Amino acid sequence: MSRTLPDTTRGPRSTPALALLAVAGVLLFALFAALGAWQIERRAWKLALIERVEARVHATPVDVPEPARWPRINAADDEYRHVRLAGVFLHERETLVQASTTLGPGHWVLTPLRTVQGPVVLVNRGFVPAERRERATRSGNEPAGEVHLTGLLRISEPGGGFLRRNDPAADRWFSRDVQAIAAARGLADAAPFFVDEDAPPPQPAGAEPRWPVGGLTVIAFHNNHLVYALTWFCLALGVLLAAWLVARTDRTARKARDAAAD
């Protein structure tokens, strides 16, 4: 006994269904194309930012901003600006902030500098490993009296590090939160930024490192905007391809229906 298998050939879509698919396709194409264009704009902005930062880093140092300018300090206009300042280090009020560097894990040594103008600026003097966290192990590198230094202006890092909040009461620091550190150290007139001190002159070959080691600032900007743009544009092209396939299959179905009707 034989059975007749059902005809699984799909017929053409109705006009309302085609209209709905067309509207959805147009909206998706416009969305993906707009997102791709936005990423191209973001890439241009990021490249301009990188160029500005590189120019700041390698520029001749300028005076550190005066208190009148502090309310206007911001990352876009001031971060990584090469500055110079002079004053006296308050070594007894230093703060150790957890760090991970090319030299391994350890701490940043943030030391207040009482500037010759009067206010205090926190200076990141550099990195020390865990075995050098005690001041007594590196007292030979604590400048006394007035010092003159240069470095990169950095913006405060409030709150803490990734999944770890600063704990001022326990003196545990995971980010360079200038306001919180200044409050914990009783520095009422501290600047709202800190300065990464430049690297000292190179030591003779084979000499023991002088802790802390400065000049380890990492300047890196994630710039994946071109990849993101290509992804969105590929999705937009995918919508066009899908629309072409729908139109092709529907046209084929209509021709088959018309042929069967003849």
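Colleague: What makes the link between the side chains of Asp-196 and Arg-154 a polar contact?

Modeller: The two side chains come to 2.7 Å in this predicted model. The cut-off for a pair of N or O atoms is 3.5 Å, so the pair qualifies as a polar contact.

Colleague: Which other side chain makes a polar contact with the side chain of Asp-196?

Modeller: That of Asn-124, at 2.8 Å. This value also falls within 3.5 Å, so the term applies here too.

Colleague: Why is Asp-196 called buried?

Modeller: Its relative accessible area is 3%. Buried means under 20%, so Asp-196 is buried.

Colleague: Where is Asp-196 found, and what does it touch?

Modeller: Asp-196 is found in strand 9, which covers residues 190–197. Leaving out residues up to four places away in sequence, Asp-196 touches Asn-124, Thr-150, Gly-151, Leu-152, Arg-154, Arg-176 and Thr-217. Asn-124 and Arg-154 are thus polar partners and also on this list of contacts.

Colleague: Arg-154 is also in contact with Glu-79. Why is Glu-79 called buried?

Modeller: Glu-79 has a relative accessible area of 14%. That is under 20%, so Glu-79 counts as buried.

Colleague: Where does Glu-79 lie, and which residues is it in contact with?

Modeller: Glu-79 lies in the loop between helix 2 and strand 2. Setting aside neighbours within four places in sequence, its contacts are Arg-56, Asn-74, Leu-153, Arg-154 and Ile-155. With Ile-155 there is a polar contact: the side chain of Glu-79 reaches the backbone nitrogen of Ile-155 at 3.3 Å. The limit is 3.5 Å, so that pair passes.

Colleague: What is unusual to look for in backbone angles?

Modeller: Most residues other than glycine have a negative phi, and most peptide bonds are trans.

Colleague: What is the phi of Tyr-80, and where does Tyr-80 lie?

Modeller: Tyr-80 has a positive phi of about 70°, although it is not a glycine. Tyr-80 lies in the loop between helix 2 (75–78) and strand 2 (82–89).

Colleague: How do you know whether Tyr-80 is buried or exposed?

Modeller: Its relative accessibility is 9%. The line for buried is under 20%, so Tyr-80 is buried.

Colleague: What is the phi of Asp-171, and why is Asp-171 called partly exposed?

Modeller: Phi of Asp-171 is near 60°, a positive value in a residue other than glycine. Its relative accessibility is 39%. Buried needs under 20% and exposed over 50%, so Asp-171 falls in between and is partly exposed. Asp-171 sits in the loop between strand 8 (164–165) and helix 3 (178–184).

Colleague: Which peptide bond is cis, and what makes it so?

Modeller: The bond from Trp-211 to Pro-212, where omega is near 0°. Pro-212 is in the loop between strand 9 and helix 4 (225–261).

Colleague: Why does Pro-67 count as partly exposed?

Modeller: Pro-67 has 42% relative accessibility. This is between the 20% and 50% limits, so Pro-67 is partly exposed. Pro-67 lies in the loop between strand 1 (62–63) and helix 2. From Pro-67 to Ala-191 there are 124 residues in sequence, but the C-alpha atoms are 7.3 Å apart in space.

Colleague: How do you know how the protein chain compares with a compact globule?

Modeller: A compact globule of 262 residues would have a radius of gyration near 18 Å, while the protein chain has 31 Å. Along its principal axes, the C-alpha trace spans about 105 × 50 × 40 Å.

Colleague: How many helices and strands are in the protein chain, and what share of residues is buried?

Modeller: The protein chain has four helices and nine strands. Buried residues are 34% of the 262. Of contacts between residues at least 6 apart in sequence, 64% join residues at least 24 apart.

Technical notes
Residues are numbered from 1 along each chain as its sequence is written. This is a predicted model: local features need pLDDT of at least 70, side-chain atom pairs count only at pLDDT 80 or more; totals for chains, interfaces and linings use all residues. Side-chain values use heavy atoms; hydrogens and water are left out. Helices (H or I, at least four residues) and strands (E, at least two) are DSSP runs, numbered from the N terminus. The radius of gyration is taken over C-alpha atoms; the globule rule is 2.2 Å times the number of residues to the power 0.38. Buried means under 20% relative accessible area, exposed over 50%, partly exposed in between (1.4 Å probe, protein chains only). Contact means heavy atoms within 4.5 Å. A polar contact is a pair of N or O atoms within 3.5 Å; within protein, one must be able to donate a hydrogen and the other to accept it, and residues adjacent in sequence count only if both atoms are side-chain atoms.
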